[in-house]
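This report describes a two-chain model, taking each chain in turn and then the contacts between them.

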Amino acid sequence: MDVAATVRVHERARAQGRVRWELLVGIVRKDLKIKYQGSALGFVWSLVNPLVLLAVYTFVFQIVLRAGIPKFGFFLLSALLPWTFLSGSVTFATDAVVGNAGLVRKVPFPLSVLPMTAVGFNLTHFGLQMLVLLAAMLVTGFTSFLGVQVLLAIPAIAVAIILTVGLSYLVAALNVRYRDTKHLVEIVLMAGFWACPIVYSVSQISDKGPFVRWPWLVDAYYLNPMAGVSVSMQRALYGAGHTYGAPPTPVLPDPGYLFYVEKLAVGAIPSLLILALGLYVYHRMSADFAEEL
Amino acid sequence: MSDYAIRATEVSKVFVNHVERATSFKERIIRRRALTQDFYALRDISLEIERGGTVGLIGANGAGKSTLLKVLAGILRPSQGSVKTRGRIASLLELGAGFNGELTGRENVYLNASLLGMSRRETDRVFDSIVNFAELEEFIDNPVKHYSSGMYVRLGFAVAVHVDPDVLLVDEVLAVGDEHFARKCLDKIAQFQDDGRTILFVSHGLDVVERICSRGVVLDHGRVVYDGDPYFATGELRKILGTDVPVEIEDEETDEGVSFGPIVFADASGRPASLFRTGDPMTIRVPASISARWRAAIERVRAVVMGVGDIPIWEMVAERADLPSDQSDWLLTFTVPSCPPIRGRFVLGVSLMTASDQPIAAIRSRHAFEVKADPGAGILSVDYHVSAQPSAGASAIPAASTTEGEDTRAPATSKVGR
């Protein structure tokens, strides 16, 4: 066998074992197609979910509880969309391997693509929802995000993606052996939602009870990477200029940028650890997926 | 470094049958230890498949064929040992594996090809050829859930052979298609052989294995029990399956005063065997028990080796002088120093004859034995010589229209008479 042929054969084998962009896109496209098959509105449905949440939370927090955060809808969606991206991805990823059992057992392909398809699927929705949100802000004349501050969204989304990918790998692998993983995931996600400043602002809790008595709790609060992501997204899109109550209290904890970068950095550490753990566990367990399914 | 496409080194695969394994975190916490039963699906398999070889993997149901294929394809992890492969592998382990019923044929082709390592551009190039091969032009934009199983397997096979694989692994899936498609698949496989690609396929169609494989590997209870000539491989497998026995049998037949024991074909070492090569020595043992009354009447014993349709192939005769006429239990032993150069499956008929050549009793062997010569067509291996010289040219061959007298070398008869 001549050298060129050897190299060719080797590269083709490698192409088969690697997660390739086209493979990822192909599977995500399949999932999207199946999800929206036969629905005339197609993608519009993916916007309905956050819109309903928007309506419900606006009603509860602005009308019933009189939380008083101005432009509550925009405040809420700024942090709710990245959270929906995370929770949607992780929920979807729980089923990524088990739901593709037919493929895993019969076709040799790079298994590490499966959790990524869950992330890719939800990232597509996240992108669309962000576009709709920004368009809505522009149309209603809420233009405070236009400027340097919107750049803060980039590291915030990056941290959210790292955490999401890590968690997706972890739950996808665990669900193969422990089928109650999805119940666990539901509970953790629900708790996680309330542990993030999404429907409330950080300033509403940091001057209260335990946070005053034990100031380290504030630092611990930001160990949840999505807490940092939430406030950073609010800073990026909603802006720091809003106040509530009397005397007026700023909605966001800090008017600058450094505060948010710091919180994102704090959140990046556990995110990276979870990513490493998720990849490790997935890699260890994936060799036996075909057998366990 | 030998030029292998697949190399398995001492591969074992143990399936752990979790009798009571924790399948949830809840159980995991409550019961930490699990009861397990180990099942060896594959044991110490070392197999090297040379580049360009066509290997048939055969065995009884449950012998581990599919497991081995999955281990070689990289779907299952070997419990022990290692597998190395070279090049792009296309595998067709199950009919329509990897197809999604909701997607159209077209979408499934692209998805399947990308799972097998093809880029979109590469797929574009072969797409028409795939559809053409699968003969699904009209249906390619229909969801595959509406396909028949034949259409499924056609599309699956078409994709697998068009991804330009270096190694093709095929499980018993071709049986689904009709004869027309099966022939097309075999043509494609022949083309792959010409291209020097490697093919490993599992089949229960032993004649196909004999016809197209360069090598046969027989698995039995997770072990390789034979690896070599496909003709011998299928013979070994038939022995394992017990299908080397002819269907209609009359054995240990008891007439009044005459009974036979089982007829045994044995090899050089005296062990019972059913497979012989041309030139191998063979011993045939025929136990019989004959009462004194009949012993007096027996003039000779005729043993006839019979082929398909009971065609007599050769005869062996024991005359009265050779027979122990004062004993009732006989063990007749016919020794063939060298099996004749004839291919086939044979049975033995034994008759006890009177002086007037009337049969007193007869028996047919329960088992058949098989004689194999080097692969080739026909039942006989014949020694022959071939010679070829350049012919003297077209002018040397007289044509009917040759004009009179023009060619003096034309045989005199050509224009004479009639």
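## Confidence and basis of the model

Chain A has an average pLDDT of 85, and 92% of its residues score at least 70; pLDDT is the predictor's confidence in each residue, from 0 to 100. The model is predicted, and local features need pLDDT of at least 70, side-chain atom pairs count only at pLDDT 80 or more, and totals for chains, interfaces and linings use all residues. Residues are numbered from 1 along each chain as its sequence is written, while chains are lettered from A and ligands numbered from 1 in the order in which they are written.

Among the elements of chain A, the lowest mean pLDDT (62) belongs to helix α1 (residues 3-17) of chain A and the highest (95) to helix α7 (residues 153-177) of chain A.

## The two chains

Helices (H or I, at least four residues) and strands (E, at least two) are DSSP runs, numbered from the N terminus. A residue is buried if 20 or more other C-beta atoms lie within 10 Å of its own, exposed if 12 or fewer, and partly exposed in between, with C-beta atoms placed from the backbone.

| Chain | Helices and strands | Buried residues |
|---|---|---|
| Chain A | 14 helices, two strands | 39% of 293 residues |
| Chain B | nine helices, 20 strands | 36% of 418 residues |

Along the principal axes, the C-alpha atoms of chain A fill a box of roughly 80 × 45 × 40 Å. Two residues are in contact if their C-beta atoms, placed from the backbone, lie within 7 Å. Of the contacts in chain A with a separation of 6 or more, 83% join residues 24 or more positions apart; the corresponding share in chain B is 68%.

## Domains of chain B

Chain B is divided into domain 1 (4-241) and domain 2 (254-372), with bounds that come from an automatic or database domain assignment. The centres of these domains of chain B, taken over C-alpha atoms, are separated by 46 Å. Each of the two domains contributes four residues to the contact.

## The interface between the chains

Contact between the chains involves 34 residues of chain B and 28 residues of chain A. On the side of chain B that touches chain A, at least two residues each come from α1 (25-30), α2 (65-73), β5 (89-92) and α3 (105-115) of chain B. The most is given by α3(B), with four residues. By class, this side of chain B holds twelve nonpolar, eleven polar and eleven charged residues. Ala, Val, Leu, Ile, Met, Phe, Trp, Tyr, Cys and Pro count as nonpolar, Asp, Glu, Lys and Arg as charged, and the others, Gly among them, as polar.
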